[in-house]
Amino acid sequence: MQAVAILDEPHLDAMTGGDAALQVELIGLFDTQAALWQRLFTPSAPLHTWRDAAHACKGSAKGLGLWRLADAATVAEDLGREGLKEGPEVQAALATLRAELCLALEALQAMRPRLLAANDA
């Protein structure tokens, strides 16, 4: 089985028409949302809070080509929809979601210098 990349750059290019300025803008918007999500992806938050944040994260991740993050968000969202608000399964899902969010942010930040250089060209 082949490992899934953290960021599907061809997907991001397709979604933005290869527009580097748009990609930089979308990454900035994602960064802003991620700062909020990082605080919400905790079992101590109300169930509807982390469930709804996982849903929003899933949609954003799919738009950017962050498939692993989208999958982790789906797992957490599904647990929330089932009404599970605590326990080892929820803790593990939210920990995985936080970890995948960090990896996604790192991957997006690694792209930024190249995108900014493309904008300047």
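This passage describes the overall fold of one chain, the packing of two of its helices, and the surroundings of several residues.

The structure is a predicted model, in which local features need pLDDT of at least 70 and side-chain atom pairs count only at pLDDT 80 or more, while totals for chains, interfaces and linings use all residues. Residues are numbered from 1 along each chain as its sequence is written, and side-chain values use heavy atoms, with hydrogens and water left out.

The secondary structure of the chain consists of five helices and zero strands, where helices (H or I, at least four residues) and strands (E, at least two) are DSSP runs numbered from the N terminus. Read along the sequence, these elements give the pattern α-α-α-α-α. The C-alpha trace spans about 50 × 35 × 20 Å along its principal axes. The radius of gyration of the chain is 15 Å, which agrees with the value near 14 Å for a compact globule of 121 residues; this radius is taken over C-alpha atoms, and the globule rule is 2.2 Å times the number of residues to the power 0.38.

Of the 121 residues, 36% count as buried, a term that means under 20% relative accessible area, whereas exposed means over 50% and partly exposed lies in between (1.4 Å probe, protein chains only). The chain exposes about 6500 Å², of which carbon and sulfur atoms supply 58%; accessible areas come from the Shrake-Rupley method with a 1.4 Å probe, and for residues only the protein chains shown count as cover. Among contacts (heavy atoms within 4.5 Å) between residues at least 6 apart in sequence, 72% join residues at least 24 apart.

Two packed helices are described by the angle between their axes and the distance between the axes. The axes of helix α3 (residues 47–64) and helix α5 (residues 88–120) come within 12 Å and cross at roughly 35 degrees. Here the axes are lines fitted to C-alpha atoms, for helices over the stretch in contact, and angles run from 0 to 180 degrees between N-to-C directions. The crossing of α3 with α5 is left-handed, which means that the near helix is turned anticlockwise from the far one by less than a right angle, a clockwise turn being right-handed. On the α3 side, Trp50, Ala54, Cys57 and Leu64 take part in the contact, and they meet Val90, Leu94, Leu97 and Leu108 of α5. By class, this contact of α3 with α5 has eight nonpolar, no polar and no charged residues; Ala, Val, Leu, Ile, Met, Phe, Trp, Tyr, Cys and Pro count as nonpolar, Asp, Glu, Lys and Arg as charged, and the others, Gly among them, as polar.

Two further residues of helix α3 were examined, namely His48 and Lys58. His48 is partly exposed because its relative accessible area is 46%, and its C-alpha atom lies 7.2 Å from that of Gly80, although the two residues are 32 apart in sequence. Lys58 counts as buried because its relative accessibility is 17%. Leaving aside residues up to four places away in sequence, Lys58 touches Ala70, Ala73, Thr74 and Glu77.

In helix α1 (residues 9–16), His11 touches Lys62, Gly63, Leu64, Gly65 and Trp67, again not counting residues up to four places away in sequence. The C-alpha atoms of His11 and Leu66 are separated by 9.2 Å, with their positions 55 residues apart along the chain.

Ala20 lies in helix α2 (residues 20–40) and is buried, since its relative accessible area is 12%. With residues up to four places away in sequence not counted, Ala20 touches Leu115, Ala118 and Asn119. Arg114, found in helix α5, is partly exposed because its relative accessibility is 45%. The C-alpha atoms of Arg114 and Ala20 are separated by 8.8 Å, and these residues are 94 apart along the chain.
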